[in-house]
Amino acid sequence: MSTAQNSNRPPNCVRVAAVGDVHIDEDVLGRYRPALERIGEKADVLLLAGDLTRHGTGDEARCVATEFGGLPVPVVAVLGNHDYHSDAQEEVTKILDDAGIIVLERTGVVLDCFGIRLGIAGAKGFGGGFAGRCASEFGEPEMKAFIRHTRVVSQEFGAALAGLDCDMRIALTHYAPTPDTLLGEPLEIYPFLGSYLLGEAIDAVCPALAVHGHAHAGTERGMTPGGVHVRNVAHPVIKQAYSVYQVAVPARAEETEKAGEPAGV
Amino acid sequence: MNPDQYKESELQRVLTEDERVSEQGIRVSHLEERTFALSGEVESQKRKERIEQVVAERFPDLTVKSDIGVTRVHEPEEVEEV
Ligand SMILES: [Fe+2]
Ligand SMILES: [Fe+2]
C-alpha cells in the first residue's frame with residue numbers, strides 16, 4: 001500500500017498512528033472520519049489497540065469497518081475484552097477482515113513501508129498483575145484457568161513477535177505489558193489491566209515499540225522492565241483521534257541477532 | 001460497615017454490566033451519605049446522557065452527580081519521536 005504523497009517523510013523511520021478503545025457503535029459513526037481524512041499525510045500505518053466495539057456484536061463491527069475501512073494506510077488491529085462480550089469474536093474478526101482491516105491474535109504481519117519491512121505482532125493479552133503482585137496458576141480451576149490463559153497467550157504472542165522476518169518490530173496488545181502506563185488507575189485493579197507475562201514476552205525480543213489500550217484512566221508513556229518504549233493509546237488517555245509515533249529502524253546487526261524463525265501470518 | 005460502600009460497588013457494576021451502559025472507564029466516588037460522583041470519559045453525548053438516565057432509574061434513592069465528559073477526536077498536531 002502506498003502513501004507516496006509523503007515526499008517530506010524522514011528516512012529510515014516509520015510513522016505509526018495508533019488509538020485504542022474507540023468503542024464504536026452507531027452513535028459514534030462518522031465521528032473519527034474528519035480526523036482520518038488526512039492520515040496518509042501523517043502516518044504510514046494505523047494500529048487499533050482493541051475495544052473497537054461496545055458489546056462485540058456484528059452490527060457494531062460493521063460500524064468499525066465503516067469508520068476505519070478504506071483508509072490510505074494499512075490498518076492493523078487486535079480485539080479487546082469488549083469485542084469478546086457477545087461471544088462473536090470470530091464474526092467480528094471476519095467483518096473487519098472483509099473491510100481490509102488486519103486483525104491479529106497471537107499472529108504477526110509484515111508490511112512494506114517505503115522499503116522498510118515493518119513487522120507487527122498482536123494479541124488481546126489478558127490480566128494477572130505485575131512483579132511481586134501477580135496472581136498464580138494455583139488452587140481452584142477458575143483461578144488456574146485465568147492465569148493459564150495469560151501464560152498461553154503471552155507465550156504464543158512472544159513466538160509470533162520473535163518469528164517476524166523484518167527490519168523493525170512493533171508489539172500490539174489490548175492489555176498492558178507494564179504497570180508504568182497504568183498510572184492514574186486504582187492500584188487495586190492493576191491485575192485486571194495487564195500482566196508482566198506480556199512484558200516478559202516483549203522484552204525477550206525488544207521490539208522498537210509496544211502499544212496497548214484498555215486502561216482508560218492510565219498514562220500514555222512508559223517502559224517495560226527491559227526498556228522497551230510502551231504507549232497506552234486508549235482514546236480517553238490520548239484525547240485525540242490517534243497519536244503518531246515516529247520510530248527509527250534499529251541497527252541492523254542487533255535486529256539480525258534477535259531474529260528467529262520466520263512466522264506464519 | 002457503611003452501607004454506602006455496597007451502593008458504590010453496585011453502582012460500579014451497573015455501569016459495566018447494564019447493557020445500555022457497558023462502560024469500564026467511569027469512576028465512582030463517594031462524596032457524602034447517599035451521594036456519589038461519576039467521572040471519566042465516553043465516546044458520545046448520547047452515552048453520557050444514557051448513563052445519567054440509567055443511574056437515576058436504577059438508584060432512585062441516591063444523589064449521583066455526573067462529571068462525565070466526551071473524549072475529543074481532533075487530528076493530532078504533533079509527532080512523538082520514539
Ligand atoms: Fe476499553
Ligand atoms: Fe478493555
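## Overall dimensions

Chain A has 265 residues and a radius of gyration of 17 Å, which agrees with the value near 18 Å for a compact globule of that length; the radius is taken over C-alpha atoms, and the globule rule is 2.2 Å times the number of residues to the power 0.38. The C-alpha trace spans about 55 × 50 × 35 Å along its principal axes.

This is a predicted model, in which local features need pLDDT of at least 70, side-chain atom pairs count only at pLDDT 80 or more, and totals for chains, interfaces and linings use all residues. Residues are numbered from 1 along each chain as its sequence is written, chains are lettered from A and ligands numbered from 1 in the order in which they are written, and side-chain values use heavy atoms, without hydrogens and water.

## Burial

Of the 265 residues in chain A, 57% are buried, meaning under 20% relative accessible area with a 1.4 Å probe, protein chains only.

## Secondary structure and sheet

Chain A contains eight helices and eleven strands, defined as DSSP runs (helices H or I, at least four residues; strands E, at least two) numbered from the N terminus.

Six strands of chain A form an open sheet with mixed pairing, in the order β5-β6-β7-β8-β10-β9; two strands pair if DSSP finds at least two bridges between them. Strands β5 (107–113) and β9 (221–223) of chain A stand at the edges with a single partner each, so one side of each has no neighbour in the sheet. Within the sheet, β8 (residues 209–212) and β10 (residues 229–232) of chain A run parallel and are joined by three bridges. H212(A) has N232(A) in β10(A) as its bridge partner.

Methods
Buried means under 20% relative accessible area, exposed over 50%, partly exposed in between (1.4 Å probe, protein chains only).
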